[in-house]
Protein chains: 2
Amino acid sequence: MLEFDKKFEPKIGKKGKEFIENSFSKLKKEKDSESVGYYTLPNTTTTLFKQIEDYIQNNEDLQNNRIKNVAIIGIGGSSLGTKAIDSILRFKNHSDINLLFLENGDPININYTLQNVDKNDTIFIVISKSGTTIETTSIFKYILDRYKIDLDSNETSKLIAITDEDSPLWQFASKYNISKFSIPKNVGGRFSVLSAVGLVPLAIVGYDIKAIISGALKFEEEFFARKQNHLLTKAYYYYKKGKDKPINVLFSYASSFSYFNQWYVQLWGESLGKFDKKNKKVGLTPVGLVGSVDQHSFLQLVIQGPEDKTVTFIKINDFETDIKIPDIRLENITGVNYINNHTFGELINAQCMATLESVSEAGIPVDLITVNNLSEANLGCLIYYYELLTSCVGVMFDINTYDQPGVEFGKKKLVKKFVKEA
Amino acid sequence: MLEFDKKFEPKIGKKGKEFIENSFSKLKKEKDSESVGYYTLPNTTTTLFKQIEDYIQNNEDLQNNRIKNVAIIGIGGSSLGTKAIDSILRFKNHSDINLLFLENGDPININYTLQNVDKNDTIFIVISKSGTTIETTSIFKYILDRYKIDLDSNETSKLIAITDEDSPLWQFASKYNISKFSIPKNVGGRFSVLSAVGLVPLAIVGYDIKAIISGALKFEEEFFARKQNHLLTKAYYYYKKGKDKPINVLFSYASSFSYFNQWYVQLWGESLGKFDKKNKKVGLTPVGLVGSVDQHSFLQLVIQGPEDKTVTFIKINDFETDIKIPDIRLENITGVNYINNHTFGELINAQCMATLESVSEAGIPVDLITVNNLSEANLGCLIYYYELLTSCVGVMFDINTYDQPGVEFGKKKLVKKFVKEA
């Protein structure tokens, strides 16, 4: 499924070993105490699978292939993970249903996304953990108005709400008999892709959500059975070197990984950028790159700029629908004939390895994650791996990995701009 | 057009003033000596305008509306600027011609991009400064093969080459009578969007390229007439604070700016990440964010993470096609009613200002660029502003802003992976 190679290798003395063991115990405690809920999402989805199956089987529009679009109204953790999985696996999805995302309150973007949307062939899924996200509720109101959706009619069958139990959105959905799925209270937004947040829309548009979960479950079991200890060592490296190497680049060699990179950026940045218990600002800065495109952009800075970065490469072993560079010799353009008769998959993977080697030779720490092929199970595994890695670094920094107090100030300022007396 | 506000304010003593004046003189010298060509692109386009006009008027397929797609085969500086302008201005473009981008040698992406492309209604533009970029030549060969384009027939009228005069691609195009446009030798890839690289495809799909150039020209004239001195002060701030604030965030409050951010990332990262003349690694790390989306992601790290960042906000004053949040009061979801009857444009701009204020109050240096509305002229101006800013910081760091020696190592390694004796 996933292979981990060219690992970061910190020096680990006796104290370091103890620190790592101690961190593992803390992770295990977070998991067992159920104070942090995402750890056990892969174990607890049986009920959710059943709910989703029931929803799909009872939805006449879906059963009769009348649905063309599923529009997700949600931002941040409510959309990024789903977008990542859909964009990576779309090439092998044979469903005719598009997944659309209404995230930002940008009027041009809202108009553009909705231009071909008809309410009769669309399911709108409103996703908000708190149930009161300003972008999400505003866009939802706009949709109700634009499509004249009557909340007191059976048109509410075109709506789904995914939110915390008893949130304002939950209560609203109950009142109008809108289908609803709950987000466990102990699962934070950026750790929620393997909950109803990701699984409901992904199942509706035809992805094998059981395979996603099985991939995550496999990694969960192996890690807690101490069969994936490299993750602990890597987290320790980030922790120890955080001051010298505060920028962590994820260099994914596949165009479709750009949203996965964004998911990683949210997970890493928002989880680890915190005041620690000594009231000191700590954090690691994530950067997402796509290869080979960003070899023509950010790479120069990695190789000859300040040595403040680590780079993790992601390589796709088998692109499955690979195509060949034909044996055409273009007059005058002779220097590139060596690639003829090779596949594009071979080219991009050779570029990945050549870049990895040249970055490493420039003295920059690198490691490599090889994904055998793009499948639900492998993505589930990769997602869970990154969630665990984030938790582990958070435990080592001794911070609260799961909150985001820094963004509250801006929210209050926003209200004051509209409500004079606020 | 553009307003610059909440500027970074470095302390500038007598020496600092001299240093800034000295840097300005160096920029002017680069410009006047024509060693760096992008400075004068806005002054030298009359001939190019004529060539492009002739091309369009003599292309029967274009004149008879038979073209549905313009596919750009190019990577890095050969595509990013064009993609940035097209994605931002697409909402007011009434042409029916799509602009497609074949950048990466990712087989899934190539297949996906070409799925609805028919050679009869498509113009393929091959763009490569050197004329030998491996991704570009490989994809070009694939297209020749996939669409059975006969180079000895009049089918070459569907091809355009944009490259340095006398490059291998230039010679190839001459041999087969393929329309060609030259990139001035003294204009680097990442500074080339205002040359034929950007202007040819943008004109074909209906953008007002004269307005783009006029916006750039206005900023050029004002800057060199010393009417935009804030740019020099800002560059000085980056230079002086580079060690403490090595990460420069561009936080653009419009969904369509994500490719503009990528263009900025290439320009900033690849230009400024260099060995300086004392053989020391210098450089500034660019990060592109989109508001309000990334308030739910990277913002927490900015506010409570290490104080190693500066943030520039971009705000669009008038979205032109703005829409209103209707006055709907949703049962139970009452906390957000304050936004009813306001427009989405007002919401996103208030979010921009609320975030700017809270970032600033957290002790992070911020500044603000306000773009009055999204137009060709304003984008030309913004592009030229960022190019000048990059040059100015480069002059202060005393580096070669215009080369990229660090990426050559990987290219050599790549060849060795395929050619045993290389």
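## Strand β2 and its partners

Two strands count as paired here if DSSP finds at least two bridges between them. In this predicted model, strand β2 (residues 69–73) of chain A and strand β4 (residues 122–127) of chain A clear that bar with 5 bridges, running in the parallel sense. To find your place in that pairing, look for A:Val70, which sits opposite A:Ile123 in β4(A).

β2(A) also pairs with strand β3 (residues 98–102) of chain A, again parallel and again over 5 bridges. Here the handy marker is A:Ala71, facing A:Leu100 in β3(A). Getting from β2(A) to β3(A), the chain passes through helix α4 (residues 80–89) of chain A, and this β-α-β crossover is right-handed.

## Which way the side chains go

β2(A) is mostly covered, with 5 of its 5 residues buried. A:Asn69, A:Ala71 and A:Ile73 point one way, while A:Val70 and A:Ile72 point the other way. That fits the usual pattern: in a regular strand, side chains alternate between the two faces of the sheet. Whichever way they point from β2(A), these residues are all buried, A:Asn69 included.

## Where chain A meets chain B

Now for the contact between chains: 99 residues come from chain A and 99 residues from chain B. On the chain A side, helix α13 (residues 344–361) of chain A supplies the largest share, 11 residues.

As for what that side of chain A is made of, it has 47 nonpolar, 36 polar and 16 charged residues where it touches chain B.

How values were computed
Residues are numbered from 1 along each chain as its sequence is written. Chains are lettered from A and ligands numbered from 1 in the order in which they are written. This is a predicted model: local features need pLDDT of at least 70, side-chain atom pairs count only at pLDDT 80 or more; totals for chains, interfaces and linings use all residues. A residue is buried if 20 or more other C-beta atoms lie within 10 Å of its own, exposed if 12 or fewer, and partly exposed in between; C-beta atoms are placed from the backbone. Helices (H or I, at least four residues) and strands (E, at least two) are DSSP runs, numbered from the N terminus. A crossover is right-handed if, with the strands pointing away from the viewer, the path from the first strand over the helix to the second runs clockwise. Two residues are in contact if their C-beta atoms, placed from the backbone, lie within 7 Å. Ala, Val, Leu, Ile, Met, Phe, Trp, Tyr, Cys and Pro count as nonpolar, Asp, Glu, Lys and Arg as charged, and the others, Gly among them, as polar.
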